[in-house]
Amino acid sequence: MKKKTIFQTVISRFLILFFNFGLIIFSSNIWGSHGKGLISLVTADLAIISFFSNIFVAGSVSYFLTKYPKEQVLFFAYGWSVLVGIGIVLFFGAVPHTAEVLPFLIALSVLLSLYNANISFFIGSQDIRKFNIFSVLQLAIHLFFIVLLVFVLGFSDIEMYFVAQIACYFLLFMISSFYLFKNFERTRISFSKSLAGKMFSYGWKTQLSAFVQFLNYRLSFYFLEFFKGFSSVGIFSVGVAISEAVWTISRSLSVILYSNVLNTNDVQLAINKTKISVRISFLITVLFLFVLLLIPASGYIFFFGEDFHQTKSIILLLSPGILAMSVSNIIGHYFAAVNKLKILNIKSIAGLFFTILLSWYCIPRWGILGACFATTVSYCISSALLFWKFYQITEFRYRDFILSKSELRIFLEKVKSGSLFS
């Protein structure tokens, strides 16, 4: 791992957090709870489509990049991105909230998938620096285009959110492609039936787990829209986004851990690195949640508007599940890196079962608060399954979740020097 990679990743995650809050604040104040609800549902639709695209993108690109020529890997990733990005979206045309923004969704799905292929290349080649830079730019440029369209050019329609997003993904895909194609050898592009089969096999297994887990994250949005309307989705989505913001560090550590484990054959070293990431993620998540709960309800109203007065209550109810998932995401990336995907599918399916069951019962009765309860229970149950499986292969110790004073001092010193995993 390159020197200062950890420090750069932490800084990039905080920048992502900053720009993400900017997007939430702008969208909630410009378009209100109803508009925020539509944005959240379309974003969820886009994520669902991306899971199909990512069968040959995302983890498949990162995993096979070190095993096959990059030209062959990207050939399948790009071709599949365009094919699925257009084909799958057409099935969403019958959905009421999607029909009105279908052209935007098609453009977004194709561009996002192509862009994700390039980003996955950086992860697989351990170029975490570029991954961090583009991750920050993805939100920063999107926010810039929203400000340009709404405040400079005077467009106020909700569609401007998606126009800005399309412009952002197109620009980033072109820039990232410039770096990828510097040493690109066209003569190495070829159709490999063996590679196609392996990428599909690895990709669908990885995406099945991720897709089911995503439904655990976002299925409550669709239940809320069905039973309570767009405004409820908008209000709930802001609380969810703020709560999930504490996953910023956890996700950064997960990406670095995944890249490290992919490139090591030392099983015990991989487990030790996972435990280090677990400790850090647990501590930082607790601190972040504590800070969020210290903010009074009036503070959230000030930033997001009167429609969002329930935000603090939502964060409080989601906190146990957020903490559980913050740690289990680390363990999940370990299992993905060592190609043990069965447990990821099992834990996601178990969580989805409880999400559907509890959402169907709780949301019609208690609305947004019912969605919070269903989400938290699902998170905790699915996380418990991953903990159980991980500690079957290693010794369980309570100190895996707690940094001692001496360890905290060493951690801070290594963060400053960027040598945490070196």
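What follows is a working chat about helix packing, the largest pocket and two backbone details in a predicted model.

Biologist: Let's start with helix packing; how far apart are the axes of α5 and α7, and at what angle do they pack?

Modeller: In this predicted model, helix α5, residues 102-124, packs with α7 at an angle of about 30 degrees, and their axes are 9 Å apart. Since angles under 35 degrees count as roughly parallel, that makes α5 roughly parallel to α7.

Biologist: And which classes of residue make up the contact of α5 with α7?

Modeller: The contact of α5 with α7 has 18 nonpolar residues, together with 4 polar and 1 charged. As for handedness, the crossing of α5 and α7 is left-handed.

Biologist: What about α3 and α7, how do their axes cross?

Modeller: The axes of helix α3, residues 70-90, and helix α7, residues 159-180, come within 13 Å of each other and cross at roughly 160 degrees. That angle makes α3 roughly antiparallel to α7, and the crossing of this pair is left-handed.

Biologist: Which residues meet there?

Modeller: On the α3 side they are Lys70, Leu74 and Tyr78, and these meet Phe173, Ser177 and Leu180 in α7. Sorted by class, the contact of α3 with α7 has 4 nonpolar residues, 1 polar and 1 charged.

Biologist: Moving along the chain, are α10 and α13 roughly parallel or antiparallel?

Modeller: Helix α10, residues 247-262, and α13 pack at an angle of about 15 degrees with their axes 8 Å apart, and they are therefore roughly parallel to each other. The crossing of α10 and α13 is right-handed.

Biologist: Which residues make that contact?

Modeller: From α10 they include Trp247, Leu253, Leu257 and Tyr258, while α13 contributes, among others, Ile322, Met325, Asn329 and His333. By class, the contact of α10 with α13 has 13 nonpolar and 5 polar residues, with no charged ones.

Biologist: Changing topic to empty space, what is the volume of the largest pocket?

Modeller: The volume of the largest pocket is about 270 Å³. Its lining consists of 13 residues, and those that lie nearest the centre are Phe21, Ile242, Leu292, Ile295 and Tyr300.

Biologist: Which helices supply at least two residues of that lining, and what classes do the lining residues fall into?

Modeller: Helices α1 (5-53), α11 (267-294) and α12 (297-304) each supply at least two residues of the lining of the largest pocket. In terms of class, the lining divides into 13 nonpolar residues, no polar and no charged.

Biologist: Last topic, the backbone: which residues have a positive phi although they are not glycine?

Modeller: Among them are alanine 58, where phi is about 45 degrees, and asparagine 339, where phi is about 60 degrees. As general background, most residues other than glycine have a negative phi.

Biologist: And where in the fold are alanine 58 and asparagine 339 found?

Modeller: Alanine 58 is found in the loop between α1 and α2, the latter covering 59-64. Asparagine 339 is found in the loop between α13, which covers 311-337, and α14, which covers 342-390.

Key
Residues numbered from 1 in each chain as written. Predicted model: local features only at pLDDT ≥ 70, side-chain atom pairs only at ≥ 80, totals over all residues. Heavy atoms only, no water. Axes fitted to C-alpha atoms, helices over the stretch in contact; angles between N-to-C directions. Helix = DSSP H or I, 4+ residues; strand = E, 2+ residues; numbered from the N terminus. Parallel < 35°, antiparallel > 145°, perpendicular 65-115°, else oblique. Left-handed = near helix turned anticlockwise from the far one by under 90°. Contact = heavy atoms within 4.5 Å. Nonpolar A, V, L, I, M, F, W, Y, C, P; charged D, E, K, R; others polar. 1 Å grid on protein atoms, 1.4 Å probe; cavity = no way out; pocket = protein on both sides within 12 Å on 5 of 7 lines; lining within 4 Å. Points joined across faces, edges and corners; volume = space filled by probe spheres on them.
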